[in-house]
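The following exercises concern the structure shown below. Each task is followed by a solution in steps.

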Amino acid sequence: MDNNYNLIQKHIPLKKYKELLSSNKIRINKYIKGSCIHMENDECTHLDIILDGIVSIDRIDEDGNIMCVANFTKNDILGGNLLFSKTPTYPMTIVSKTDVIIMQISKEDIFKLMNEYPEFLKAYLESISDNAFILGDRIRGYVRLSLRQILINYLKKQSYIQKSNMIKLNMSKKDLAMLIGVQRTSLSRELAKMRKDKLIEYDRDYIKIVNYIGN
């Protein structure tokens with residue numbers, strides 16, 4: 001999908017889009033960084049489309065530990081797979097990782113658009129299928145992998161992206177712990193073990209791969 005257009009803008013006529021805006025059937029909401037957009041078990045009554053910023057889908061366990069299941073960004077949708085469910089409640093908490101702007105449109109108006117514009121319906125179904133795959137794959141991966149393996153996969157990916165074995169951390173270690181779904185102390189302990197095993201070296205801003213980290 002063209003990054004300049006979201007799901008609704010791309011698949012309905014401009015005139016219809018402006019009509020929805022002017023009639024307040026499309027609402028634009030702003031959230032500052034760290035805001036809780038939806039709590040676990042909140043009812044899903046509207047489709048949310050991210051216009052700007054980064055949103056985190058978080059799983060919070062009984063001990064209060066937070067696992068970031070996935071991040072969504074500009075033009076991604078939230079709640080699309082829940083909206084027409086028999087039990088339309090959010091299974092996880094949704095939090096703004098940055099300042100976020102979200103477009104919101106009701107279930108009833110989404111249904112009307114689906115009936116009126118088949119291309120919109122097709123794009124909607126494709127989008128919720130992609131989201132379901134991302135979330136399901138991420139959860140399955142975390143269930144199977146040890147903390148070390150999760151860290152290894154993260155470092156390999158960042159090494160490939162940054163084209164270097166000297167990986168610059170673009171977040172604090174606290175944020176990294178949240179990203180992979182563990183306590184800050186657990187992350188520090190595993191990093192120390194990996195350093196002791198001569199796999200990595202690290203400081204506050206970088207992690208350097210100094211030995212092969214295989215599966």
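**Exercise 1.** Determine which residues Ile-110 contacts beyond its neighbours within four places in sequence, and then describe the nonpolar cores.

*Solution.* Contact is taken as heavy atoms within 4.5 Å. With neighbours within four places in sequence set aside, Ile-110 touches Ile-8, Leu-47, Leu-83, Phe-84, Ile-105, Phe-120 and Tyr-124. A separate core has 18 residues, including Leu-169 and Met-194; a nonpolar core is a set of buried Ala, Val, Leu, Ile, Met, Phe, Trp, Tyr and Cys residues joined through side-chain atoms within 4.5 Å, where buried means under 20% relative accessible area (1.4 Å probe, protein chains only). In the largest core, of 36 residues, Ile-8, Leu-47, Ile-110, Phe-120 and Tyr-124 touch the most other members.

The model is predicted: local features need pLDDT of at least 70, side-chain atom pairs count only at pLDDT 80 or more, and totals for chains, interfaces and linings use all residues. Residues are numbered from 1 along each chain as its sequence is written, and side-chain values use heavy atoms, without hydrogens and water.

**Exercise 2.** Establish where Gln-104 lies and whether Gln-104 is buried or exposed.

*Solution.* Gln-104 belongs to strand S8 (residues 100-106); strands are DSSP runs of E with at least two residues, numbered from the N terminus. Its relative accessible area is 16%, so Gln-104 is buried. Leaving aside neighbours within four places in sequence, the contacts of Gln-104 include Lys-25, His-46 and Asp-48.

Notes. Helices (H or I, at least four residues) and strands (E, at least two) are DSSP runs, numbered from the N terminus. Buried means under 20% relative accessible area, exposed over 50%, partly exposed in between (1.4 Å probe, protein chains only).
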